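Subject: Structure handed over, with notes

Dear colleague,

Please find below the structure I promised to pass on to you. My notes follow it, and I would be glad if you read them with the coordinates open.

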Amino acid sequence: MNARSFARYSLAGIRLVNGVAALLAPQVVARQLGADGMQPALSHVLRMFGVRTAFIGAELLFLQDPARIARALHVGTVIHTSDALSAAAAGRCGMLAPRAAATATAISTVNVALTLVADWPRRSKG
């Protein structure tokens, strides 16, 4: 398996694990973020995040058309960059505990790197 494929499938796995966790166990994810997992609104938002994240993970895993894969990776770069910036800002403003903010920022930053590695040859060609 080459680096591009490894990055693509690693990203798909991370997305699926995080998405399914948020979808099926939002209270657990909330507690990991230092929040009250019993807040109904937070559980709802985490489930929405979970659906989105699981869907884009499955999409990246099962797509076969190179153009659609490239598009999914480009969109993923924007999504994960936004997630990383949001987590960092939430930590800076005190909306997330420092450790939770650092963890969420790190995960999303790794995801950005994986999208770039997975799409590297196509990006460099034009």
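To begin with a single residue, is Pro40 buried or exposed? Pro40 is exposed, because its relative accessible area is 66%, and exposed here stands for values over 50%. Please bear in mind throughout that this is a predicted model. Pro40 is found in helix α3, and its C-alpha lies 9.3 Å from that of Gln27, a residue 13 places away in sequence.

Helix α3

Helix α3, to which Pro40 belongs, has 23 residues and reaches 33 Å from its first C-alpha to its last, which is close to the 33 Å expected at 1.5 Å a residue. Its buried residues are Ser43, Leu46, Gly50, Thr53, Ala54, Ile56, Gly57 and Leu60, and these pack against α1, α2 (26-32) and α4.

One place where α1 comes up against this part of the chain is Ala22, which sits in helix α1 (residues 3-24). Ala22 counts as buried because its relative accessible area is 0%. Once its neighbours within four places in sequence are left aside, Ala22 is in contact with Val29, Leu46, Arg47, Phe49 and Gly50. For one of these partners, Arg47, the C-alpha atoms are separated by 5.5 Å, although Ala22 and Arg47 are 25 residues apart along the chain.

Helix α4 and the salt bridge

Helix α4 has 27 residues and spans 39 Å from its first C-alpha to its last, close to the 39 Å expected at 1.5 Å a residue. The residues buried in α4 are Ile69, Ala70, Ala72, Leu73, Gly76, Thr77, Ile79, His80, Asp83, Ala84, Ala87 and Ala90, a list in which charged Asp83 appears beside nonpolar residues such as Ile69 and Leu73. After α4 comes Gly94, whose phi is positive, near 85 degrees.

The structure holds 1 salt bridge, and Asp83 forms it with Arg52, the closest N and O atoms being 2.8 Å apart. This pair links distant parts of the chain, since Asp83 belongs to helix α4 and Arg52 to helix α3 (residues 40-62), with their positions 31 residues apart. Whereas Asp83 is among the buried residues of α4, Arg52 counts as partly exposed because its relative accessibility is 29%.

The nonpolar core

The largest nonpolar core has 10 residues, namely Ala7, Leu11, Ala12, Leu60, Leu63, Ile69, Ala72, Leu73, Leu114 and Ala118. At least two residues of this core come from each of α1, α4 (66-92) and α5 (98-118). In soluble globular proteins, nonpolar side chains tend to be buried together.

Within the core, Leu11 may be a useful residue to display, as residues up to four places away in sequence are not counted and Leu11 still touches Leu60, Leu73, His80, Asn111, Leu114 and Thr115. Leu73, one of these partners, is also in contact with Asp119. Asp119 lies in the loop between α5 and α6 (120-125), and it counts as buried because its relative accessibility is 0%. Its contacts, leaving aside neighbours within four places in sequence, are Ala70, Leu73 and His74.

The surface and helix α5

On the surface, Met1, Phe6 and Tyr9 form a nonpolar patch with about 380 Å² of accessible area together. Of these, Tyr9 is placed in helix α1, and Tyr9 is partly exposed because its relative accessible area is 34%.

Two further residues belong to helix α5, and I list them for orientation. Arg99 is found in α5 and is exposed, with a relative accessible area of 72%; its C-alpha is 8.2 Å from that of Leu33, although 66 residues separate the two in sequence. Thr103, also found in α5, counts as partly exposed at 41% relative accessibility, and it lies 27 Å from Ala70, C-alpha to C-alpha, with the two 33 residues apart in sequence.

With best regards

Conventions:
Residues are numbered from 1 along each chain as its sequence is written. This is a predicted model: local features need pLDDT of at least 70, side-chain atom pairs count only at pLDDT 80 or more; totals for chains, interfaces and linings use all residues. Side-chain values use heavy atoms; hydrogens and water are left out. Helices (H or I, at least four residues) and strands (E, at least two) are DSSP runs, numbered from the N terminus. Buried means under 20% relative accessible area, exposed over 50%, partly exposed in between (1.4 Å probe, protein chains only). Contact means heavy atoms within 4.5 Å. A nonpolar core is a set of buried Ala, Val, Leu, Ile, Met, Phe, Trp, Tyr and Cys residues joined through side-chain atoms within 4.5 Å. Patches are made of residues with over 30% relative accessible area and no salt bridge: like charges are joined within 9 Å, nonpolar side chains (Val, Leu, Ile, Met, Phe, Trp, Tyr) within 5 Å. Accessible areas come from the Shrake-Rupley method with a 1.4 Å probe; for residues, only the protein chains shown count as cover. A salt bridge is a side-chain nitrogen of Lys or Arg within 4 Å of a carboxyl oxygen of Asp or Glu. The expected span of a helix is 1.5 Å times one less than its number of residues.
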